[in-house]
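Trainee: Hi, have you got a minute to look at a model with me?
Mentor: Sure, put it up.
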Amino acid sequence: MLCLQQKKLAYANSWRGTRMKIRTKRILILLCFIVTLGACTAEENKTQNDNENGTIYSADIFAMDTYMTLSAYGEKAETAVSAAVEEVNRLDTLLSVSSEKGDIYYINQNGGGQVSEETAELIIKAKKAFTETDGAFDCTIAPVMEAWGFRSGNFCIPEAEELSELLQKVDSSKILIEGTEVLLPDGVSIDLGGIAKGYTSHQIMEIYRENGITSGIVSLGGNVETLGTKPDGSLWRIALQDPENTEEYFAVLEVADRAIITSGGYQRNFIQDGEVYHHIIDPVTGFPAQNGLISVTIVSKDGTLADVLSTSLFVMGTEKAVNFWRQHKDEFDAVMMTEDRRVLVTEGIMGVFTPLTNDSVEVLS
Ligand code: ADP
Ligand code: MG
């Protein structure tokens, strides 16, 4: 096994960028803490601004290993955003592989056990996704994620032998679940990283609605979900990051009431000997998926589904992903970029898609 010391590691641009942002953000949060003592905490930065659309209330937080911005317009925006922040922190604990107080940590440690109804429902959804995507989405990928060091940050290229042994434990059909009782036989363990943020943004939209919000938007590390339109009735404009130049954007989508969730190998990775190793694993090989797609954005009313499918289609690769969309046309739309920079856009969103580059655009029908 080839493990890298973290300090010697050559980070990919996006990852290094994230770390620099973390440092800058920490300084900002610290300043905020000193200047307005009590008005913000070390983990949360809240702002209220008036613009042409009225008053927008926002919170910037770090949770689920990523930066998040939660925003809402309207009278009860502050209450709604504060409740949403609490919800993010609750779900982070409940669903994370490393949070000792959470369900997933508990069942992974004990080969199963009793979980909350909510966790049980998510595991059932993940199992269903495993079947429907023909194994591309596999939440039992946990031991392989760990072997690559994506949990600890101590990145490794595992030996082929180690990988093939670990892959024996990767099979969502082995998860047994009855009611809220989960059984994980044969050393199987669960990682809900491919579904948790989509579920979380869906929950935030529920909280916004309960608080009477009709206009809101969240970005959970680039996973976006929108409620209604902007207060002036215009559509939200969501820019899609260029997977090969993360400072730039390759397209804009205009939407209302939609989740727009992207998976890309640029989002979390490490470089060794000039090779990029990213965090979306092909369950067949145990290696980072390299099946022709470098970015997959899913547009759907259902945030949880959009998150599952962004990971799944990325793993499937171009041909299978296109076929999968053709069989599920009425459930979602997609924008995919291939490694030779062809941009594939499904027909349902062509009218709200604006390219920002000269890359060739193909409409899928
Ligand atoms: P992000 O978490 O950056 O938004 P994704 O939604 O694509 O990106 O999810 C990637 C995460 O999903 C990984 O960090 C890991 O926790 C988990 N994962 C990786 N490969 C798979 C897979 N084949 N099926 C299900 N989950 C996966
Ligand atoms: Mg996902």
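Mentor: Let's go through the ligand site and then a pair of helices.

Mentor: This is a predicted model, where local features need pLDDT of at least 70, side-chain atom pairs count only at pLDDT 80 or more, and totals for chains, interfaces and linings use all residues. Residues are numbered from 1 along each chain as written, ligands are numbered from 1 in the order written, and side-chain values use heavy atoms without hydrogens and water.

Trainee: Great. How many residues surround ligand 1?
Mentor: There are 19, counting a residue if one of its heavy atoms lies within 4 Å. Among the closest are Asp138 and Asp191.

Trainee: Which atoms of Ser263 and Thr311 does the ligand approach?
Mentor: Side-chain N or O atoms: an oxygen atom of ligand 1 is 2.6 Å from one in Ser263, and an oxygen atom of ligand 1 is 2.9 Å from one in Thr311. Ile281 uses a backbone N or O atom, 2.8 Å from a nitrogen atom of the ligand.

Trainee: And how much of ligand 1 does the protein bury?
Mentor: The protein buries 93% of the 560 Å² that ligand 1 exposes when taken alone, with areas from the Shrake-Rupley method and a 1.4 Å probe.

Trainee: Switching to helices, how do H8 and H9 cross?
Mentor: The axes of H8 (residues 303-316) and H9 (residues 318-327) come within 6 Å and cross at roughly 135°. Axes are lines fitted to C-alpha atoms, over the stretch in contact for helices, and angles run from 0 to 180 degrees between N-to-C directions. Helices are DSSP runs (H or I, at least four residues), numbered from the N terminus.

Trainee: Which residues of H8 make the contact?
Mentor: Leu309, Leu313 and Met316, with contact meaning heavy atoms within 4.5 Å.

How values were computed. Helices (H or I, at least four residues) and strands (E, at least two) are DSSP runs, numbered from the N terminus. A polar contact is a pair of N or O atoms within 3.5 Å; within protein, one must be able to donate a hydrogen and the other to accept it, and residues adjacent in sequence count only if both atoms are side-chain atoms.
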